Structure formats: C-alpha cells, structure tokens
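Subject: Structure handover

Hi,

Here is the structure for you to look through. My notes follow below it.

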Amino acid sequence: MNNTTIRQIAGFENQEVTLRGWLTHKRSSGKIHFLQLRDGSGTIQCVAAASDLSPELFSMIGFLTQESSLAIQGVVRADQRSAIGYELAVRNISVIGSSVDYPITNKEHGPGFLMDHRHLWIRSTRQHAILTIRGRISTYIRNFFESRGFLNTDAPIFTPSSCEGTTTLFPVDYFGEQVYLTQSGQLYGEAMAKAFGKIYTFGPTFRAEKSKTRRHLMEFWMVEPEAAFMTLDEDMELSEDLLVEITTRVLAECRKELQILERDISALEKVQKPFPRLHYADAWKKLRELGSSIAEDDDFGAEDETILTQQFDRPIIVHHFPSAMKAFYMKKDPDNPRYSLSMDILAPEGYGEIIGGGAREESLETLVAAIEHHKLPMQDFSWYLDLRRYGATPSAGFGLGLERTVAWICGIHHVRETIPFPRMLERNRP
Ligand code: 4AD
C-alpha cells in the first residue's frame with residue numbers, strides 16, 4: 001500500500017494510496033459522505049460512496065467526528081473542482097484515534113478561548129498558514145546569511161548581565177547565584193565575530209516588558225548578525241537586503257498561505273530597495289508636524305511609529321537616534337556625539353519597528369565610561385572589555401524580531417498568532 005501525503009498526491013493519479021490525517025469536516029448526502037482530511041501538508045476531499053463500500057463501513061463513516069485521526073485508503077482521482085486538483089475515492093477507513101466533542105468548532109470563538117486552546121488552535125487553516133510562513137521565513141533568513149558567508153553560532157541563554165537595560169531582565173536562580181535569561185545575543189555575537197569575522201545567532205530572547213500591546217512578547221525569537229569591520233552604512237544595507245529577500249521569497253513560495261490570510265500582495269511587492277532613510281532629527285521633525293507630542297530626544301512610541309510609517313509605502317530606516325536613549329555599547333557619532341551610530345527599521349502599514357541595530361563602541365576608555373554611566377556592574381563586563389583590549393575593530397550588527405516580521409508579512413494584527421505558544425504579560429500557558 002502506498003502511504004503518501006496530500007502534498008504529494010499528484011504523483012499517484014488513478015492509483016490506490018493510504019493517507020493518514022485528521023477529519024476537519026464531514027457532510028453527507030444520502031448515499032455519499034464527503035470527508036475533508038487534513039494531514040499537515042494539505043487538505044483533500046475524500047468521497048465515500050455507499051455503492052463502493054460495505055453497509056457497515058458506510059454507516060461507520062457516518063458517525064466519524066471532527067478531528068478523529070484516520071487512515072483512509074482510496075483511489076486518487078483528478079477533479080477540476082478541487083482546489084488541489086484531486087480527490088480520493090474511498091475504499092476503506094480505519095480510525096486511529098477518536099475525538100469526542102472537539103472544542104473548536106465553526107462557531108465564533110473569542111481570543112481568550114482560542115489562546116486557552118492554542119495546542120488545538122494551531123491545527124486551524126489560518127494558524128497553519130501563519131506558522132508555515134514563520135517556518136519558511138526562518139529558513140530564508142538562514143539561507144540569506146549563509147549565502148553571504150555568515151557563520152551560524154549560538155549565544156548562551158543564561159547570562160550574568162544585561163544587554164538592553166536592567167528593567168526588562170528575567171532573573172533565574174542558578175545554583176544560588178542570580179543570572180538572567182538573555183535579552184539579546186549581541187555581546188556574545190561580538191566576541192564570535194572577532195573569532196569568525198561574520199556570524200549570526202538565531203534564538204529565543206526574553207524581556208520582562210510590562211507592556212500589554214500587540215507588538216510585545218516576553219519570549220520572542222531574534223536573528224542577530226554581527227560582523228567585524230562593518231560600518232553603519234553597510235549594516236543598513238545588509239538589513240535592507242534581508243527584508244527584500246524575505247518578502248521576495250514569501251511572495252514566490254507562500255502564495256497559498258498569503259491567500260488564506262487575505263494578505264494584500266501589492267503592499268509586499270512594494271518592498272524594494274532603496275528604503276527611505278531618515279536621520280532621527282528629521283523623523284522627529286516630521287512627527288511633530290504630523291501632530292505627535294514626542295518630547296525632545298525621546299524614543300518613538302508605538303503611535304509615533306504608526307504615524308511615521310503610514311507616510312511611506314515600504315519599510316523605512318531611521319538612523320542616528322540620540323545617544324542618551326541608547327544602550328551602553330552603542331557608538332556615538334564622532335561628528336556629533338549627541339547622536340549615535342544606530343538604526344531601526346520600521347515596517348509599513350503601521351507595523352513599526354522590526355529591526356534595531358548599529359555600530360558598537362570600540363574604544364576601551366569610552367566603553368568603561370559608558371558602563372559606569374549606565375551603573376552596570378563592571379566585573380560582569382570584563383570579558384566584553386577584552387574584545388577592546390585585544391584587537392579591537394569596528395563592529396556592527398542588528399537584531400530582527402521574527403514575530404513582528406511575521407505579523408507584518410502576514411498582515412495580522414497581533415504578534416500572539418505568530419509564535420506557536422506565545423508568552424505574554426498575562427499568559428504563560430499552555
Ligand atoms: O532593538 P532591540 O532591543 O535590539 C537589540 O536587542 C540589539 N542588541 C540587537 C543587535 O543589534 N544585535 O531588539 C531588536 C528587535 C526589535 O526591533 C523587535 O523586532 C524585536 O527585537 N523585539 C521584540 N519582539 C517582540 N516582543 C518584544 N518584547 C520585543 N522586543 C524587541
């Protein structure tokens with residue numbers, strides 16, 4: 001018997017195969033049962049006709065319930081009305097696992113109920129499409145960096161110190177010593193860039209943000225390239241190329257999923273180089289003109305990002321943020337130290353920041369002063385300072401938040417649907 005998957009069904013026209021999956025929907029019209037079978041790779045209609053089957057089997061099929069797991073044997077028939085071009089003429093069905101009172105039905109369910117049932121919700125068509133795109137984007141990102149000679153390395157999850165400020169740290173008891181879950185792999189990435197030249201880390205990142213917004217998760221995935229000798233301009237170009245690559249590949253290879261999500265394809269087609277680049281001071285002026293009450297040298301709020309990105313049809317790069325608002329490692333602009341060699345990329349259509357990065361301070365003295373200024377424990381950074389003691393170089397990189405990127409590409413409102421099991425301010429289960 002040919003065990004196959006729905007994705008591969010075209011290779012079995014007029015042959016008998018066995019498909020294994022879950023029953024999503026059943027409809028009966030007297031002498032025929034129509035079953036929708038889902039196997040993760042696709043969905044196919046299976047037609048069980050009374051004339052082809054024993055009365056016992058036909059009757060048993062009539063009692064099958066939503067989300068029972070089944071093995072269905074049948075003959076693959078071409079069918080022009082089918083979305084996938086084929087249906088299965090059923091010869092036999094066996095139940096592998098029954099399903100009684102599946103909680104997610106065709107009725108409207110609220111987000112709280114669906115999040116409580118996230119372990120089941122991920123089976124639904126829309127969630128399947130979003131998480132499929134997420135998986136593909138991860139692969140496109142890896143392929144992009146590999147093709148440009150970046151080595152994939154891993155940063156630790158337990159860290160003794162903060163990278164992105166001390167207010168969002170998750171403390172962990174490490175055999176009596178307090179350590180933290182990583183906020184960013186960057187500092188380790190810098191060490192590895194000095195060993196391998198160009199590297200990227202791609203892993204989970206943790207921030208205890210007391211923000212209950214559609215853009216914040218407590219646990220998210222970040223890809224962080226870092227390259228020795230890279231300048232801020234090269235860093236901006238690299239991030240721009242990455243976003244063009246992601247959107248191009250999604251448009252070419254994830255059409256079916258975008259269609260399920262009813263994504264406006266034309267908005268993604270506009271993601272072409274060059275992205276508009278704005279100095280922070282110009283972006284700030286524009287925001288004030290557009291009615292924002294942003295204070296001098298303040299960071300953009302979500303509302304500011306929305307207003308600003310609505311002015312453009314593609315992602316924008318804002319660079320040279322005020323040094324005062326940036327982390328201790330950020331290099332100041334030698335021509336005007338009020339501003340830093342930093343950049344953020346804001347996604348269009350109101351999505352806002354998806355990338356943050358910049359050039360790193362390379363002078364030992366300046367970095368020591370910055371660590372003191374930020375009141376960080378010097379002893380925890382002595383290894384990081386070694387990178388300036390032994391062969392310091394210019395270094396730059398960025399972090400791209402996977403969930404925010406997936407939300408934008410998929411055109412969905414909230415990041416909670418872009419990760420299989422989201423961790424949010426008020427949710428850490430299932
Ligand atoms: O701008 P951030 O804080 O940059 C860094 O962590 C740098 N150390 C990266 C680097 O240069 N290597 O975060 C980078 C990105 C943001 O642009 C955003 O996409 C994502 O990480 N991000 C979050 N995504 C979801 N939930 C949160 N709470 C996030 N915080 C940041």
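Lys194 sits in helix α5, which spans residues 186–196. Note that this is a predicted model. Lys194 has a relative accessible area of 27%, so the residue is partly exposed. Its contacts, leaving aside neighbours within four places in sequence, are Leu387, Gly391, Ala392, Thr393 and Ser395. With Thr393 there is a polar contact: the two side chains meet at 3.4 Å. Gly391 is 197 residues away from Lys194 along the chain, yet their C-alpha atoms are separated by 8.4 Å.

Next, Thr309. This residue belongs to helix α10 (residues 302–309). Is Thr309 buried or exposed? The relative accessible area of Thr309 is 2%, so the residue is buried, the cut-off being under 20%. The Thr309 side chain reaches the backbone oxygen of Thr306, at 3.2 Å. Not counting residues up to four places away in sequence, Thr309 touches Leu346, Ala347, Pro348, Gly350, Tyr351 and Gly352.

Now the aromatics. A ring pair is described by the distance of the centres and the angle of the planes. The structure holds 16 aromatic pairs. One of them is Phe145 with Phe398: the centres are 6.5 Å apart and the planes stand at 50°, so the pair is tilted. Tilted covers what is neither under 30 degrees (stacked) nor over 60 (edge-to-face). Which elements does this pair link? Phe145 is in helix α4 (residues 125–147) and Phe398 in strand β17 (residues 395–401). The two residues are 253 apart, so to speak of distant parts of the chain is fair. Both Phe145 and Phe398 are buried.

Phe158 and Tyr174 form another aromatic pair. This one is edge-to-face, with 5.2 Å from centre to centre and 70° between the planes. Phe158 lies in strand β8 (residues 158–159) and Tyr174 lies in strand β9 (residues 171–174), so the pair ties together parts 16 residues apart in sequence. Phe158 counts as partly exposed, at 43% relative accessibility. Tyr174 also counts as partly exposed, at 34%.

Those two strands belong to a sheet. Three strands make up this open sheet, in the order β8-β10-β9, with antiparallel pairing. Which strands are at the edges? They are β8 and β9, each of which pairs on one side only. Strand β10 covers residues 177–181, and four bridges join it to β9. Here Val172 stands opposite Val179 in β10.

There is also an aromatic cluster. Its members are Tyr188, Phe328, Tyr329, Phe381, Trp383 and Tyr384. Tyr384 has a charged residue over its ring as well: Arg388 lies over the face, at 4.3 Å from the ring centre. Elsewhere, Lys326 lies over the face of Phe321, at 4.6 Å from the ring centre.

Last, the overall layout. The chain is divided into domain 1 (2–97) and domain 2 (118–418). How many Å separate their C-alpha centres? The C-alpha centres of domain 1 and domain 2 lie 45 Å apart.

Best wishes

Conventions: Residues are numbered from 1 along each chain as its sequence is written. This is a predicted model: local features need pLDDT of at least 70, side-chain atom pairs count only at pLDDT 80 or more; totals for chains, interfaces and linings use all residues. Side-chain values use heavy atoms; hydrogens and water are left out. Domain bounds come from an automatic or database domain assignment. Rings of Phe, Tyr and Trp (its six-membered ring) pair if their centres lie within 6.5 Å; planes under 30 degrees apart count as stacked, over 60 as edge-to-face and the rest as tilted. Buried means under 20% relative accessible area, exposed over 50%, partly exposed in between (1.4 Å probe, protein chains only). A charge sits over a ring if NZ of Lys or CZ of Arg is within 6 Å of the ring centre and within 35 degrees of the ring normal. A polar contact is a pair of N or O atoms within 3.5 Å; within protein, one must be able to donate a hydrogen and the other to accept it, and residues adjacent in sequence count only if both atoms are side-chain atoms. Contact means heavy atoms within 4.5 Å. Two strands pair if DSSP finds at least two bridges between them.
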